[in-house]
Every structure is written in C-alpha cells, then in structure tokens.
Amino acid sequence: MAEVKIARTETPKYEVAPLFAPDFFRTNVFGMNPFSLARKLGDEMDRAFGKAAEPAVWRPVVEVRRDKDKLLVHAELPGLRKENVKVTVTGDLLEIEGERKFETEEKHNGYFHSERNYGKFYRGIPLPEGANAGMAAAEFTDGVLEVRIPVPDVKPPTMEIPVGATHAGETLPKVEVKH
C-alpha cells in the first residue's frame, strides 16, 4: 500500500463569502417565477461557496466514521494516482483535495471517439475535539484513500432529570450534571 504524506498548516486556504448578496433581498422574491427564484438562489449559493467559475466540479464519495479511539475517513477516488491527492490538517479541519484528468481516444473502421474529463475536488472534514493530527496516517490503494486519525474516547456527560408534577407558577427543580 502506498502511503500519503499528511502535512499540518495553520491558516485555511479557502474563505467563505457572505451567504447572500444584499441585492438578493432587494428583489421582490414573492412576485418572481419559482424557477427564476430557484436559479437565482442557486447562483447565490454558488457565489457564496466559490463555485461560480468552476464548471467541472467533482464530488467523490467520502465516508467518515468513528471507531473506538480513531476517526476513519474512506474516500473513493477512482482514476487518481497518489501524486494527485493532497491530505492536510488545518486547525481542526482535515482537508482532502486533488485533481483528475481522464482522456480516451477510440478509432474503429472510420469511427473516431475522444473524451476528456477533468475535475478538481476539495473536501473539508471537521475533526473532533482532541484529535491527534500528529499521529495521523493515510494510505492510497487502487483509487481508495484511507485516513486514520487517533481521537480520545470521550463519553458525553450523563444528566439525570427528575420527573415530577408541577403546578402553574412553580419552578422546576435544578438538574445536576454528573461527569
């Protein structure tokens, strides 16, 4: 299995724009055709998340799960090589990004067919509190990226809520939190 290097950076690479431009609310959204409104809303969402100028966006399948004392990230990246995948940790965010380039040509009895498929992807996965990015490991095999990050097994506090009857105007008893 090939190993992928995980680097730690301190500043995020991507900034998120404000969700809606002020002029979106200046239009009469109640008098608009619903299809125009949906298109305008979609354009605003694309602009807010920086996708307006990227026609070839690729979103690979990523599965994130926690298994006892580690966070497991499984990303399906068919057609990619290890050199085209970058895995970093920025603050409390695991970032997986890459680019695929796929070109084919077929020639049969006077028939010519060619296809080109390009696409960049970026996935940001929030890390749980206490994740040890310094001990993270990543492997890339047959188009599948596996990232393992140790995390402490922290159980949420248990609260006991007393059950009782109250009358109008009475206050409820205080709830005690046990750790």
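Is Thr 90 buried or exposed? In this predicted model, Thr 90 counts as buried because its relative accessibility is 7%, under the 20% that marks the limit for burial. The residue has its place in strand 5, and its side chain is joined to that of Glu 95 by a polar contact of 2.9 Å. With that residue as a starting point, the rest of the chain can be taken in turn.

The protein chain holds two helices and 11 strands. Followed along the sequence, these elements come in the order β-β-α-α-β-β-β-β-β-β-β-β-β, with both helices placed after two strands and before the remaining run of strands. Of the 179 residues in the chain, 21% are buried. The chain exposes about 13600 Å², and carbon and sulfur atoms supply 54% of that area. Among contacts with a separation of 6 or more, 56% are made by residues 24 or more positions apart.

One such separation in sequence can be followed by eye from Phe 140 to Leu 77: these residues are 63 positions apart in sequence, while their C-alpha atoms are 9.2 Å apart in space. Leu 77 also belongs to the largest nonpolar core, which has 22 residues. Within this core, Leu 77, Leu 94, Leu 145 and Val 147 touch the most other members. Six strands each supply at least two of the core residues: strand 4 (70-76), strand 5 (85-90), strand 6 (93-108), strand 7 (111-126), strand 8 (137-141) and strand 9 (144-150).

Strands 8 and 9 repay a closer look. They run antiparallel and are joined by five bridges. The hairpin that they form has two residues between the strands, and Asp 142 takes a positive phi near 50° there. Across the pair, Ala 137 stands opposite Arg 148 of strand 9, and Phe 140 stands opposite Leu 145 of strand 9. Strand 9 has a second partner in strand 4, to which it is joined by seven bridges, again in an antiparallel arrangement. In that pairing, Glu 76 is found opposite Val 144 of strand 9.

Which residues of strand 9 point to the buried face? They are Leu 145, Val 147 and Ile 149, whereas Val 144, Glu 146, Arg 148 and Pro 150 point to the other face and are not buried. Such a pattern fits a general rule, because side chains in a regular strand alternate between the two faces of the sheet. Strand 8 likewise has two faces: Ala 138 and Phe 140 make up the covered one, while Ala 137, Glu 139 and Thr 141 make up the uncovered one. Phe 140, which lies in strand 8, counts as buried because its relative accessible area is 6%, under the 20% limit.

The uncovered face of strand 8 includes Glu 139, and the side chain of this residue meets that of Arg 148 in a salt bridge, with 3.6 Å from N to O. Side chains of opposite charge can pair when their charged atoms come close. Glu 139 counts as partly exposed because its relative accessibility is 22%, and Arg 148 is likewise partly exposed, at 28% relative accessible area. Arg 148 thus has two roles in this description: it stands opposite Ala 137 and it forms the salt bridge with Glu 139.

How many salt bridges does a search of the whole structure find? The search finds three. Besides the pair of Glu 139 and Arg 148, there is a salt bridge between Glu 63 and Arg 65, whose closest N and O atoms are 3.5 Å apart. Glu 63 is partly exposed, with 42% relative accessible area, and Arg 65 is also partly exposed, at 45% relative accessibility. A further salt bridge joins the side chains of Glu 83 and Arg 81, with 3.3 Å from N to O. In this case both Glu 83 and Arg 81 are exposed.

Note on methods. Residues are numbered from 1 along each chain as its sequence is written. This is a predicted model: local features need pLDDT of at least 70, side-chain atom pairs count only at pLDDT 80 or more; totals for chains, interfaces and linings use all residues. Side-chain values use heavy atoms; hydrogens and water are left out. Helices (H or I, at least four residues) and strands (E, at least two) are DSSP runs, numbered from the N terminus. Buried means under 20% relative accessible area, exposed over 50%, partly exposed in between (1.4 Å probe, protein chains only). Contact means heavy atoms within 4.5 Å. Accessible areas come from the Shrake-Rupley method with a 1.4 Å probe; for residues, only the protein chains shown count as cover. A nonpolar core is a set of buried Ala, Val, Leu, Ile, Met, Phe, Trp, Tyr and Cys residues joined through side-chain atoms within 4.5 Å. A polar contact is a pair of N or O atoms within 3.5 Å; within protein, one must be able to donate a hydrogen and the other to accept it, and residues adjacent in sequence count only if both atoms are side-chain atoms. Two strands pair if DSSP finds at least two bridges between them. A salt bridge is a side-chain nitrogen of Lys or Arg within 4 Å of a carboxyl oxygen of Asp or Glu.
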